[in-house]
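Subject: Handover of a structure and what was found in it

Dear colleague,

I am passing this structure on to you, and below it you will find notes on what was computed from it. Please read them with the model open beside you.

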Amino acid sequence: MSGELVYLTCRVNGEEVSLHVRPEEIFVDVLRDRLAATGTKVACDLGACGACTIIVNGNPTASCGLFAWQAEGADIQTIEGLANNGNLDPVQRAFVENSAFQCGYCTPGMIMLARALIDRDPAPSRADIRNWMGANICRCTGYEMIIEAVEKAAALQQEACNE
Amino acid sequence: MYTHATDAGWISRSHQAIAPFRLVRPASIEEALEAAAEENASFIAGGIDLVRRMRGGDRWQTLVDISGLSEMKVTSDEGDHLRIGALTSHWEIETGELIRKRLPNLQAAWRTIGNVRIRMAGTLGGNILAREAGYDGLVLLGVMGAELVFVTSSGEAVVIAGTGAPLPDRPALLTSVRIPISADTGLAFDRSLKPVVSVAVCKSGDTATVGVGCAFNSPRYSTIRQGEDAQSISSHFPDAIDNPMGGAAYRSRMVGVLAARMLAGGNGL
């Protein structure tokens, strides 16, 4: 038994996307296999680790736990959409400058999670950052440099706003 | 292509097939109930638990997407109760202005549930109806004596949380939760020992209701009176789950320790 295809329209990194999806199709597979946006990673595949985090209507979301049709009408940001004309987003820059990754597999999800935080709160406290970033798991580098990178990203963004 | 569709369903990278299903998007509660009356149907809103369970092999022929039913997202002040729509997300509970004013202790407790991704996608109703031993929504609502308001094809059905009364059989849609508001009621919650045990205490007058999560297949509740040894609350409960995550004796002991700690000066009591 299979359900009818569902017509999905959403915006991914500012571009309108329309396609037919199966009801059981998961959004991360749409991103990676049909839109070639392979920056979003899959790790636990259960919505627990956050490696697949994207931003859906401003909310950090595990794309491995989202049916594709649930993204209908949504405004979606993935890691591919952050850099602007080759200029890294402040969060990306801060992660590079703080060496806030080792193998890098969790990094796109970490960066998108941090981006969602700074979009909501341009000057989060360290406690807020720790609480927020606790949603995602890094299995190799530890969290101290990630926390510091998010603090730095907020500062870089403030600097850019003040210029 | 790493993914492909087969008769077994969509194969994700976890190689756990999600069985194909029919998707229904009702425009009203009545339509939702009608669709859910079909054999092997389930409601879906945030979808956190359902996707995980389907990856684990659970199958539904029909999923009824109720996320668009806006009447189930409303929070309203009813004087001696606060009614929170079942589709209210955890995030909306922890940031809602009306909840902050009327039930600040509940809001503070709810803020500790899950992580930010879960809190933004997950709903109050999903937390309750998932019937997961480790979920704390019902632990908190149970000690507060909240009313779970269901709509069925034959009318409204109300279940008082914390009484052990069974939830109505499907098709029944949890539309809202009514939480009593009382000036002399305090609430404290400790989930620092999750996934071993979580404990909520609601104190009213000289009686405290203690709710326990994680330690049993579903939340358990008991009461103690002022002057009783709070640690003795452990003996009010049956044997706890005994597994490598936590032994039964340890879980049981910690129920008393956490309850006593909160009653001796926990925030909110």
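For the classes used below, Ala, Val, Leu, Ile, Met, Phe, Trp, Tyr, Cys and Pro count as nonpolar, Asp, Glu, Lys and Arg count as charged, and the others, Gly among them, count as polar. This is a predicted model, in which local features need pLDDT of at least 70 and side-chain atom pairs count only at pLDDT 80 or more, whereas totals for chains, interfaces and linings use all residues. Residues are numbered from 1 along each chain as its sequence is written, chains are lettered from A in the order in which they are written, and side-chain values use heavy atoms, with hydrogens and water left out.

The second largest pocket (on a 1 Å grid over the protein atoms alone, an open set of points with protein on both sides within 12 Å along at least five of seven lines) holds about 940 Å³ of space, a volume being the space filled by probe spheres set on the points, which are joined across faces, edges and corners. Its lining (residues with an atom within 4 Å of a point) is made up of 37 residues, and those nearest the centre are L66(A), A45(B), G46(B), M120(B) and A121(B). Two or more residues of this lining come from each of β4 (59–62) of chain A and α2, α3 (90–95) and α6 of chain B, where helices (H or I, at least four residues) and strands (E, at least two) are DSSP runs numbered from the N terminus. By class, the lining divides into 17 nonpolar, ten polar and ten charged residues.

Turning to the interface, 34 residues of chain B are in contact (heavy atoms within 4.5 Å) with 36 residues of chain A. One salt bridge (a side-chain nitrogen of Lys or Arg within 4 Å of a carboxyl oxygen of Asp or Glu) is counted between the two chains, and it joins the side chains of R55(B) and D45(A) at 3.1 Å, N to O. On the side of chain B that touches chain A, there are 17 nonpolar, nine polar and eight charged residues.

Over all chains, the search finds 23 salt bridges. Among them, K152(A) and E97(A) meet through their side chains at 3.0 Å, N to O, and this pair links distant parts of the chain, with K152(A) in helix α5 (residues 144–162) and E97(A) in helix α2 (residues 90–97) of chain A, 55 residues apart.

With best regards

Methods: On a 1 Å grid over the protein atoms alone, a cavity is a set of points where a 1.4 Å probe fits but cannot get out, and a pocket is an open set with protein on both sides within 12 Å along at least five of seven lines; lining residues have an atom within 4 Å of a point.
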